[in-house]
Amino acid sequence: MIDAHVHLITMEMLEDAVKRFEKHYPGSDKKIRKSGHRIFDDESMKYLSGTNLKEKADDWLKVMDENGIEKAVFLPISQRPEQMRDFMANSPERLYGYVYINDPASPDAPDVLKSGVNEYGLCGLKLYPSIQLFHAYDKKLFALYEEAQGLGVPITFHYGITHAPMADYRYTNPLDLQLPLRLFPKLNFIIAHFGAGFFREVCLLGYHTKNLYLDTSGTNNWTEYTPENWKLKEIFKRSIEIYSPQRIVFGTDTVLRPDTGYRTSIMKEQINVVESLGISSEERDLIFGGNAKRLYFTSSAG
Ligand SMILES: [Zn+2]
C-alpha cells in the first residue's frame with residue numbers, strides 16, 4: 001500500500017508558516033499560536049523540536065511497517081526542499097516528498113519547482129489556494145503548470161474547508177481548476193479530500209476530464225457540514241462512478257506525533273468502505289497503491 005498524502009512538519013516549517021500568516025494578516029501571530037490547530041500544543045511542539053529529521057524518518061518507517069505501508073508521499077508546509085531531501089535520504093525507496101512554493105504566482109515559481117524536482121528529488125507540488133490566496137485560473141500560474149507538465153509531476157490542490165488557522169474561503173472552489181485542466185491536458189491534477197465540501201463541484205469537473213485525480217485523505221468529516229451529510233461510502237461510490245478506480249488515490253493525511261501515531265483507523269475505514277463497494281481486487285489495489293505508483297514512480301502517468 002502507498003499512502004499518498006501524509007505530512008512532514010518541522011519546527012522551521014512551522015515558523016515559516018506562522019510568518020506567512022503574519023504577513024497576510026498582520027497581528028495574527030499570537031492568535032494562531034494560541035487557538036490554532038492542535039499542532040501548536042505542548043505535545044506536538046515537544047516532538048517537533050526534540051527530534052531531528054533522522055529520528056522523524058525512523059518514527060515514520062516504524063509506523064509504516066506496523067500498518068503495511070510500503071511507501072508514503074510527504075507534503076511539506078513551507079519551502080524547505082533541503083529538509084525534505086534529508087528526510088527522504090533515510091529511506092529513498094519508501095519516503096517521497098513534495099515541493100512547496102511560498103509564492104506560486106511569482107515569476108521564479110517555475111524554477112523553484114524545477115530545482116525541487118531535479119536537484120532535491122521531489123515528486124509533486126502542493127498548492128493551497130485558500131492559504132496562498134490565488135485562483136488556479138490566474139494566468140500568473142500558467143508558467144508553473146507548464147513547468148510541472150514538462151517535468152511530469154502532479155499538482156495536489158487543497159480546496160474546500162480547512163482547519164488551517166487562517167484561510168480565505170473565497171479561494172476554495174475547485175471549479176477554478178476547470179480551465180487549467182483543459183489547457184494543460186498532460187498535467188495530472190489531484191484534488192485532496194474529495195474537495196472537502198465541494199463534492200458537487202468535484203463531480204462536475206469529472207465531465208470530459210482525464211487528468212484529474214481525487215485523493216481520499218483525512219477524516220473526511222467535511223461531509224458533516226454539507227446539506228446531504230453523506231456517508232463515506234457514498235462519497236467513494238460516486239467518485240468511482242465518475243472518475244473510475246484509476247483516478248482515486250488513497251491517503252490518510254497523517255501528521256505524526258507520538259500520542260496519536262499513524263491514522264490507522266482512517267486507513268481501515270477506507271479499506272472497509274472500498275471492500276463493501278464490490279469492486280475487483282485489481283481495482284482496489286489501484287486505489288491503495290497502483291495509481292500512486294503510476295503518478296509518482298513511473299514517467300508516464302496517464
Ligand atoms: Zn494534508
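**Two sheets, two helix pairs and a couple of single residues**

Let's begin in the three-stranded part of the fold, where strand E2 (residues 71-75) and strand E3 pair in parallel through three bridges. Before I go on, please keep in mind that what you have on screen is a predicted model.

Within that pairing, Val73 sits opposite Tyr96 of E3, and Ala72 sits opposite Leu95, also in E3. Now look to the other side of E2. Strands E1 and E2 run parallel too, and four bridges link them. Here Asp3 has Ala72 in E2 as its bridge partner. So Ala72 is a handy residue to click on: it is partnered with Asp3 and it stands opposite Leu95 of E3.

Put together, that gives an open sheet of three strands, ordered E1-E2-E3, with parallel pairing. Which strands stand at the edges? They are E1 (2-7) and E3 (95-97); each has a single partner strand, so one side of each has no neighbour in the sheet. From one strand to the next, the twist averages 30 degrees.

And what about E2, is it enclosed or open? Four of its five residues are buried, so E2 is largely enclosed by the rest of the structure. One element you will see there is helix H5, which lies across E2 and E3 and runs at about 165 degrees to E3.

Let's stay with H5 and bring in a helix that packs against it. Helix H4 (residues 53-67) and helix H5 (residues 81-88) have axes that come within 8 Å and cross at roughly 55 degrees. That angle makes H4 oblique to H5. The crossing of H4 past H5 is right-handed. If you want to display the contact, pick Leu53, Lys56 and Ala57 on H4, and Gln83, Asp86 and Phe87 on H5. Sorted by class, this contact has three nonpolar residues, one polar and two charged.

While we are in this part of the chain, let me point out Leu48, which is in helix H3 (residues 42-50). Is Leu48 buried or partly exposed? It has 18 C-beta neighbours inside 10 Å, and burial takes 20 or more, so Leu48 counts as partly exposed. Leaving aside residues up to four places away in sequence, Leu48 touches Ile9, Thr10, Met11 and Leu14.

Now please rotate to the other sheet. This one is open as well, with six strands in the order E4-E5-E6-E7-E8-E9 and parallel pairing. At its edges are E4 (99-100) and E9 (248-249), each of which pairs on one side only.

I'll walk you through two of the pairings. Strand E5 (residues 125-127) runs parallel to strand E6 (residues 155-157), and three bridges join them. In this pair, Lys126 stands opposite Thr156 of E6. Further along, strand E7 (residues 189-191) is joined to E8 by three bridges, again in parallel. There, Ile191 has Leu214 in E8 as its bridge partner.

E8 is a nice strand to look at side chain by side chain. In a regular strand, side chains alternate between the two faces of the sheet. In E8, Leu212 and Leu214 point one way while Tyr213 and Asp215 point the other way, and all are buried.

Step back a little from E8 and you reach Lys210, in the loop between helix H10 (199-205) and strand E8 (212-215). Why is Lys210 classed as partly exposed? Because it has 13 other C-beta atoms within 10 Å, and a residue counts as exposed at 12 or fewer. Lys210 and Arg182 are 28 residues apart along the chain, and their C-alpha atoms are separated by 9.4 Å.

My last stop is a second helix pair. Helix H11 (residues 232-243) packs with helix H12 (residues 264-276) at an angle of about 60 degrees, and their axes are 9 Å apart. H11 and H12 are therefore oblique to each other, and H11 passes H12 in a right-handed crossing. The residues making the contact are Leu232, Lys233 and Phe236 from H11, with Glu269, Val273, Val274 and Ser276 from H12. By class, that comes to four nonpolar, one polar and two charged residues.

Finally, here is a link back to where we were earlier: Glu269 and Leu48 are 221 residues apart in sequence, and 28 Å apart in space from C-alpha to C-alpha.

Definitions and conventions:
Residues are numbered from 1 along each chain as its sequence is written. This is a predicted model: local features need pLDDT of at least 70, side-chain atom pairs count only at pLDDT 80 or more; totals for chains, interfaces and linings use all residues. Two strands pair if DSSP finds at least two bridges between them. Helices (H or I, at least four residues) and strands (E, at least two) are DSSP runs, numbered from the N terminus. Axes are lines fitted to C-alpha atoms, for helices over the stretch in contact, and angles run from 0 to 180 degrees between N-to-C directions. Angles under 35 degrees count as roughly parallel, over 145 as roughly antiparallel, 65 to 115 as roughly perpendicular and the rest as oblique. A crossing is left-handed if the near helix is turned anticlockwise from the far one by less than a right angle, and right-handed if clockwise. Two residues are in contact if their C-beta atoms, placed from the backbone, lie within 7 Å. Ala, Val, Leu, Ile, Met, Phe, Trp, Tyr, Cys and Pro count as nonpolar, Asp, Glu, Lys and Arg as charged, and the others, Gly among them, as polar.
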